[in-house]
Amino acid sequence: MKFAGRALFVVLGLSTAAYAQIGSGWSSYSPSMNLQLRGCGAHSSSGGVETFRLTCSSTSGDNRAEQRIQNDYTSGTNQFEGEVRVVSLGGSNISLKQTFMPNDGAFLMIAVASGGRLYSVGNSGDLATGIVGSWLRLNTIHDVGAGTHRIYVNGSLRYTKTGGRQVAWHDKYGTYRLGSGHGPITAEWRNVHFWRNGSPSGGTNPTPTPAPTATPNPQATATPTPTPTGVPPTPTPCSGCGFSGYYRLTPRHSGKAIVVQSASTADNAAIIQFTYGGANTNDEWEIVSIGSGYYRVMNRNSGKALAVSGGSTASSTPLVQRTYGGSTTDDEWQLNDLGTGYYGFVNRNSGKAMDVKSGSTSDNAVVQQSTWSGVNQQQYQIVSVP
């Protein structure tokens, strides 16, 4: 992916033996950095603190202020550490740190939602809450061979994400608007360090930066699976939301992707859930407005549309891909913003929602339509890819 904007370069230093904050056996190094500014992104630096800002509330366009780390690697273990403070947050769903594949997009994104909820994009649960105004220490450890990405907040392991293509990787930090997000935001970073070829185990972990005290805030809590009363999250139709380019659609309950089975280009090929990544782009989608608040969802690999098999209006009918257009509107979708960084997809013809059958977390699970209830397998993160 190519980025416009001003660049800042830091001289590459020699690798030296060091003792990292998490684990043991690490060697420190000092890669150069390339500052990426797009849209309403802004950056300044003073006294060892970098300030990253998104100054607008736009829900469209590539709004970012990020350091692209020139630490491209294809093997081994790699650790990032930095202290971050969200100074102010008028928006929501802004990425603060990414582990990125240059040709395939961000695999790991750590973001902040309204109210100061820190979360891993595409995964359930919170990494921390109430973080606005407080410094926290963030470490990520990527073991390429094992396919694991560990996230530590203030020295505590909060989440391990698995998977990802075995290709070159690099780190980014700053502020970046997710497809479901908007500014404004002001965030500060300091004490950013890099290590490689160590282990997350062993050693001692110094006393961490004090964790922020979470303040109960209903807007800062991820929408859970509906309570026994069956009250779903309140959907808001997304009209003119400014989607541009390609996206992976990640079910909230599983963290996997919505894909066309076997990378087929044929009409009526099945839609399934599968781990994101591979040689094909059958797990990436273009979201195109057709007016009146509806969208067609087009597979990048086949150029065909997400549709309901046979134009059925019945629950449990599987989804397929099909050449766009026809006698029904079963290949058109209303996108509902749930206000949590997730969306519901509701079919125009049937009024039913895209749903992973039985809430399965397995590869090859059937994707179907069913009556909207707000369960997590009906909620999807829309994540931009190159």
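**Strands, cores and a cavity in a predicted model**

In this predicted model, the chain contains zero helices and 28 strands.

Reader: What share of the 386 residues in the chain is buried?

Author: A residue counts as buried when its relative accessible area is under 20%. The surface that the chain exposes comes to about 14800 Å², of which carbon and sulfur atoms supply 49%. Taken over the 386 residues of the chain, the buried share is 53%.

Reader: Among contacts between residues at least 6 apart in sequence, what percentage joins residues at least 24 apart?

Author: The chain holds 28 strands and zero helices, and its contacts can be sorted by the separation of the two residues in sequence. When the contacts between residues at least 6 apart are taken as the whole, the part that joins residues at least 24 apart is 68%.

Reader: Which strand gives the most residues to the largest nonpolar core?

Author: The largest nonpolar core has 41 residues, and those that touch the most other members are L96, L118, Y173 and W189. With five residues, the strand that gives the most to this core is β15, residues 185-196.

Reader: Which residues does L118 touch, leaving aside those up to four places away in sequence?

Author: L118 is one of the residues that touch the most other members of the largest nonpolar core. With residues up to four places away in sequence left out, the residues that L118 touches are L96, I110, A111, D126, L127, A128, I131, L136 and V153.

Reader: Where does L319 lie, and is L319 buried or exposed?

Author: A second, separate core of 26 residues includes L319, together with C238, C241 and Y295. L319 lies in strand β23, residues 319-322, and its contacts beyond four places in sequence include A269, I271, W333, M354 and V367. Because its relative accessible area is 1%, which falls under the 20% limit, L319 is buried.

Reader: What is the C-alpha to C-alpha distance between L319 and S309?

Author: L319 and S309 are ten residues apart in sequence. In space, their C-alpha to C-alpha distance is 5.5 Å.

Reader: Which residues does a cis peptide bond join, and what is omega?

Author: One partner in the bond, P184, has its place in the loop between β14 (170-182) and β15. The cis peptide bond joins G183 and P184, and omega is about 5°.

Reader: N93 and S358 each have a positive phi; which of them is buried and which is exposed?

Author: Neither residue is a glycine, with phi near 60° in N93 and about 60° in S358. N93 is found in strand β8, whereas S358 is found in the loop between β26 (353-356) and β27 (365-370). Because the relative accessible area of N93 is 4% and buried means under 20%, while that of S358 is 69% and exposed means over 50%, the buried residue is N93 and the exposed residue is S358.

Reader: How do the residues lining the largest cavity divide into nonpolar, polar and charged?

Author: The structure holds two cavities of 30 Å³ or more, and the largest cavity has a volume of about 80 Å³. Twelve residues line the largest cavity, with R64, Q98, F100, Y176 and S384 lying nearest its centre, while β8 (92-101), β9 (105-113) and β28 (380-385) each supply at least two residues of the lining. By residue class, the lining divides into eight nonpolar, three polar and one charged.

Methods
Residues are numbered from 1 along each chain as its sequence is written. This is a predicted model: local features need pLDDT of at least 70, side-chain atom pairs count only at pLDDT 80 or more; totals for chains, interfaces and linings use all residues. Side-chain values use heavy atoms; hydrogens and water are left out. On a 1 Å grid over the protein atoms alone, a cavity is a set of points where a 1.4 Å probe fits but cannot get out, and a pocket is an open set with protein on both sides within 12 Å along at least five of seven lines; lining residues have an atom within 4 Å of a point. Grid points are joined across faces, edges and corners, and a volume is the space filled by probe spheres set on the points. Helices (H or I, at least four residues) and strands (E, at least two) are DSSP runs, numbered from the N terminus. Ala, Val, Leu, Ile, Met, Phe, Trp, Tyr, Cys and Pro count as nonpolar, Asp, Glu, Lys and Arg as charged, and the others, Gly among them, as polar. Buried means under 20% relative accessible area, exposed over 50%, partly exposed in between (1.4 Å probe, protein chains only). Contact means heavy atoms within 4.5 Å. Accessible areas come from the Shrake-Rupley method with a 1.4 Å probe; for residues, only the protein chains shown count as cover. A nonpolar core is a set of buried Ala, Val, Leu, Ile, Met, Phe, Trp, Tyr and Cys residues joined through side-chain atoms within 4.5 Å.
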